[in-house]
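Please look over the sequence and the structure shown here. The paragraphs after them go through the model part by part.

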Amino acid sequence: MLTRRSLMAAAAAATPALCGSGVARTLSSSAKPLAHGSYAAFLRTLRAEALSKGISASTLSRAFALTTEPNAKVIKLDRHQPEFTLTWAQYRERVISGTRISQGQAALQQYGKLLDAAGAQYGVDPRTIMGIWGLESGFGRKIGTFSVIDSLSTLAYDGRRASFFRGELFKALQILDHGDIAPEAMLGSYAGAMGQPQFMPSAYLRYAVDADGDGRRNIWSSEQDVFASVANYLHGSGWKADEPWGQPVKLTQDLPQTQLGRGNKQSLAAWSALGVRREDGSTFSRQDVSGAVLRPDGPGTEAFMVYRNFDVIRRYNPSDFYALGVGLLGYEIG
């Protein structure tokens with residue numbers, strides 16, 4: 001839901017919860033402009049519908065003053081997402097760089113107590129919160145510079161998924177009407193992902209938390225709210241407390257790629273019988289736990305054992321590369 005941001009961000013596509021940041025597959029867009037009347041007429045239609053949904057006239061006047069014509073940059077980014085393919089090794093080098101690790105360690109020194117408190121309250125590993133924060137917004141450095149109202153209005157008018165963005169726009173207006181953020185300060189990605197955790201408005205309404213008690217769910221500038229909101233997202237997505245997301249492993253004998261992947265879960269005892277070991281070559285301490293082996297770049301390359309919480313991270317962004325990046329970045333920092 002981070003970043004807007006890096007090469008990965010330019011290729012990101014909005015999901016129902018977030019604008020994913022870690023896309024590790026070939027992407028392309030076949031977007032075509034939609035047939036509409038004038039933008040002004042479209043905005044009048046939106047305003048009337050928002051009024052019928054109970055959004056105040058004053059909120060709408062202030063919000064729609066931010067968008068007087070379709071944002072050409074938003075349309076260009078939406079229609080012309082670059083096609084590229086990254087290997088896992090290339091992706092890892094980009095998202096778990098030495099610079100990002102050092103930035104994360106500095107942020108951990110500053111905000112460690114808040115991270116630990118959020119993790120304890122929601123039963124979530126603080127390192128995973130840290131990994132998401134790092135990938136989504138560079139630990140709060142890059143939340144995006146687009147007006148969310150302008151972006152969502154533009155994409156609802158002329159976008160690949162107009163009905164989706166229209167729905168997100170009304171949710172953004174609902175957030176504004178509640179007073180959590182001023183329209184001018186509601187900033188995010190070109191696709192409407194907001195704040196430090198890059199929540200889409202629908203995810204915000206479901207998971208954002210006022211952890212600092214100031215009456216506002218501020219995912220833009222309150223780190224306490226950011227950490228609690230991410231933790232609440234993971235908790236609500238099924239995070240299992242005191243369980244890891246995964247770990248690097250060593251394959252002592254070759255296994256066919258068809259036997260690997262998230263869909264091929266079996267007990268660690270079964271994997272041990274196939275020659276899978278911890279990274280240091282030792283056997284697993286728990287043989288009854290179920291997991292799956294990922295080897296993203298194929299035979300002879302890095303392999304990982306992943307557990308249930310790996311799938312929870314993928315609820316934030318449905319990419320194996322992203323989930324691995326989040327987990328490993330958290331481990332490196334914490």
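**Cores, helices, sheet and charged pairs**

The largest nonpolar core has 85 residues, and I149, L173 and M186 have the most contacts inside it. A second core, separate from that one, has 11 residues, among them V249, V276, V293 and A303. The model is a predicted one. In soluble globular proteins, nonpolar side chains tend to be buried together.

L173 is a convenient place to enter the larger core. Leaving aside residues up to four places away in sequence, L173 touches A50, I55, T59, L60, A63, F64 and I149. The helix around L173 is α9, which covers residues 162–178. Its 17 residues, at 1.5 Å a residue, should span 24 Å, and the end C-alpha atoms are 25 Å apart, so the two values agree. The buried residues of α9 are A162, F164, F165, E168, L169, F170, A172, L173, I175 and L176. An α-helix has 3.6 residues a turn, so residues three or four places apart point the same way. Which helices help to cover the buried residues of α9? Among them are α2 (39–52), α3 (57–64), α8 (148–157) and α10 (201–207). After α9 comes G179, with a positive phi near 90 degrees.

The sheet is the next stop. It is open, has five strands in the order β4-β6-β7-β3-β5, and its pairing is antiparallel. At its edges are β4 and β5 (276–278), each of which pairs on one side only. Strands of a sheet pair through backbone hydrogen bonds, either parallel or antiparallel.

The strands can be followed across in order. Strand β4 (residues 266–267) runs antiparallel to β6 and is joined to it by two bridges; S267 has S290 as its bridge partner in β6. Strand β6 spans residues 290–294, and four of its five residues are buried. Three bridges pair β6 with strand β7 (residues 303–306), again in the antiparallel sense. Across this pairing, the partner of A292 in β7 is V306, and the partner of V293 is M305. On the other side of the pairing order, β7 is joined by four bridges to strand β3 (residues 246–251), and these two run antiparallel. Here V249 has A303 as its bridge partner in β7. Both V249 and A303 were named above as members of the second core.

In a regular strand the side chains alternate between the two faces of the sheet. For β7, A303 and M305 point one way while F304 and V306 point the other way. Are these four residues buried or exposed? All are buried.

Polar residues can be covered as well. E136, in helix α7 (residues 126–137), has a relative accessible area of 0% and is therefore buried. The side chain of E136 makes a polar contact of 2.7 Å with the side chain of Y322. D125 sits in the loop between α6 (98–122) and α7. Its relative accessible area is 16%, under the 20% limit, so D125 counts as buried. A polar atom of the D125 side chain lies 2.9 Å from the backbone nitrogen of R127. D125 and P244 are 119 residues apart along the chain, yet their C-alpha atoms are separated by 8.1 Å.

The charged pairs come last. The structure holds 16 salt bridges. One of them joins the side chains of R62 and E184, at 2.9 Å from N to O. This pair links distant parts of the chain, since R62 is in helix α3 and E184 is in the loop between α9 and β2 (187–188), 122 residues apart. R62 is partly exposed at 44% relative accessible area, and E184 is partly exposed at 42%.

A salt bridge of 2.7 Å, N to O, joins the side chains of R79 and D158. R79 belongs to helix α4 (residues 72–79) and D158 to the loop between α8 and α9, 79 residues apart, so this pair too links distant parts of the chain. R79 counts as partly exposed at 23% relative accessibility, whereas D158 counts as buried at 10%.

R286 and D288 form another salt bridge, with the closest N and O atoms 2.9 Å apart. In this pair R286 is partly exposed at 47% relative accessibility, and D288 is exposed, with a relative accessible area of 56%. Finally, a network of salt bridges links R262, K265, D311, R314 and D320.

Technical notes
Residues numbered from 1 in each chain as written. Predicted model: local features only at pLDDT ≥ 70, side-chain atom pairs only at ≥ 80, totals over all residues. Heavy atoms only, no water. Buried < 20%, exposed > 50% of the residue type's maximum accessible area, 1.4 Å probe, protein only. Polar contact = N/O pair within 3.5 Å; in protein donor to acceptor, adjacent residues only side chain to side chain. Core = buried A, V, L, I, M, F, W, Y, C linked by side-chain atoms within 4.5 Å. Contact = heavy atoms within 4.5 Å. Pairing = 2+ DSSP bridges. Expected span 1.5 Å × (residues − 1). Salt bridge = Lys/Arg side-chain N within 4 Å of Asp/Glu carboxyl O.
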